[in-house]
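The following exercises concern a single protein chain. Please examine the sequence and the coordinates before reading the solutions.

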Amino acid sequence: MASSSERSLNSRLQEAKAKAAAAEISCLRAEQTQLSRSLEKERQRAAENRQEYLAAKEEAGTLEGCANQLEEEMRELRKKHKQELLDALALRELLQQVKYLFRKP
């Protein structure tokens, strides 16, 4: 049979175990809460980064479209300029021929 002091020690031991378990649970809950907050902040950052990425991607697409349009306009202008140059050369040659035909003897 257990003595009174042994029962008292067992009782104190059980109380200490219960307090330790309660403290551990409390600590785990606090850690879980902190981790949940950190996870939510990380999710918010990820959502913000995704929005910034999508906005940058859209802007890049717009700028690419503008660049392609400008390249096409440059090709058209080069083609037009080349034709104008050829027309001017042909006109100069024609004027040379007219001068030759109407030259003074």
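The exercises below treat overall form, charged contacts and the nonpolar surface of a predicted model.

**Exercise 1. Determine the secondary structure and the overall dimensions of the chain.**

Solution. Step 1: the chain contains one helix and zero strands. Helix H1 covers residues 4-101. Step 2: along the principal axes, the C-alpha atoms occupy a box of roughly 150 × 15 × 15 Å. Step 3: the radius of gyration of the chain is 45 Å, whereas a compact globule of 105 residues would have a value near 13 Å.

**Exercise 2. State what share of the residues is buried, and describe the accessible surface.**

Solution. Step 1: residues count as buried under 20% relative accessible area; buried residues make up 0% of the 105 residues. Step 2: the exposed area of the chain is about 10200 Å². Step 3: carbon and sulfur atoms supply 57% of that area.

**Exercise 3. Find the salt bridges, and classify the partners as buried, partly exposed or exposed.**

Solution. Step 1: the count of salt bridges is two. Step 2: one joins Glu42 to Arg45, with the closest N and O atoms 2.6 Å apart. Both residues belong to helix H1 and are three residues apart, about one turn of the helix. Step 3: a salt bridge also links the side chains of Glu72 and Arg75, at 2.9 Å from N to O. Glu72 and Arg75 likewise lie in helix H1, with a separation of three residues, about one turn of the helix. Step 4: partly exposed residues fall between the 20% and 50% limits. Glu42 has a relative accessibility of 44% and is therefore partly exposed; Arg45, at 42%, is also partly exposed. Arg75 has 43% and so counts as partly exposed, and Glu72 is partly exposed at 35%.

**Exercise 4. Which residues make the nonpolar surface patch of about 790 Å², and how exposed is Leu101?**

Solution. Step 1: the patch consists of Leu91, Leu94, Leu95, Val98, Tyr100, Leu101 and Phe102. Step 2: Leu101 is located in helix H1. Step 3: the relative accessible area of Leu101 is 67%, and the limit for exposed residues is over 50%, so Leu101 is exposed.

**Exercise 5. Count the aromatic pairs, and identify the residue that lies over the face of Tyr100.**

Solution. Step 1: a pair of aromatic rings is described by the distance of the centres and the angle of the planes. Step 2: the count of aromatic pairs is zero. Step 3: Arg103 lies over the face of Tyr100, 4.2 Å from the ring centre. Tyr100 is also one of the residues of the nonpolar patch.

Terms used
Residues numbered from 1 in each chain as written. Predicted model: local features only at pLDDT ≥ 70, side-chain atom pairs only at ≥ 80, totals over all residues. Heavy atoms only, no water. Phe/Tyr/Trp six-rings, centres within 6.5 Å; stacked < 30°, edge-to-face > 60°. Lys NZ or Arg CZ within 6 Å of the ring centre and 35° of its normal. Salt bridge = Lys/Arg side-chain N within 4 Å of Asp/Glu carboxyl O. Helix = DSSP H or I, 4+ residues; strand = E, 2+ residues; numbered from the N terminus. Buried < 20%, exposed > 50% of the residue type's maximum accessible area, 1.4 Å probe, protein only. Patch = residues over 30% accessible without salt bridge, like charges linked within 9 Å, V, L, I, M, F, W, Y side chains within 5 Å. Areas by Shrake-Rupley, 256 points an atom, 1.4 Å probe, with all protein chains shown as cover. Rg over C-alpha atoms; globule rule 2.2 N^0.38 Å.
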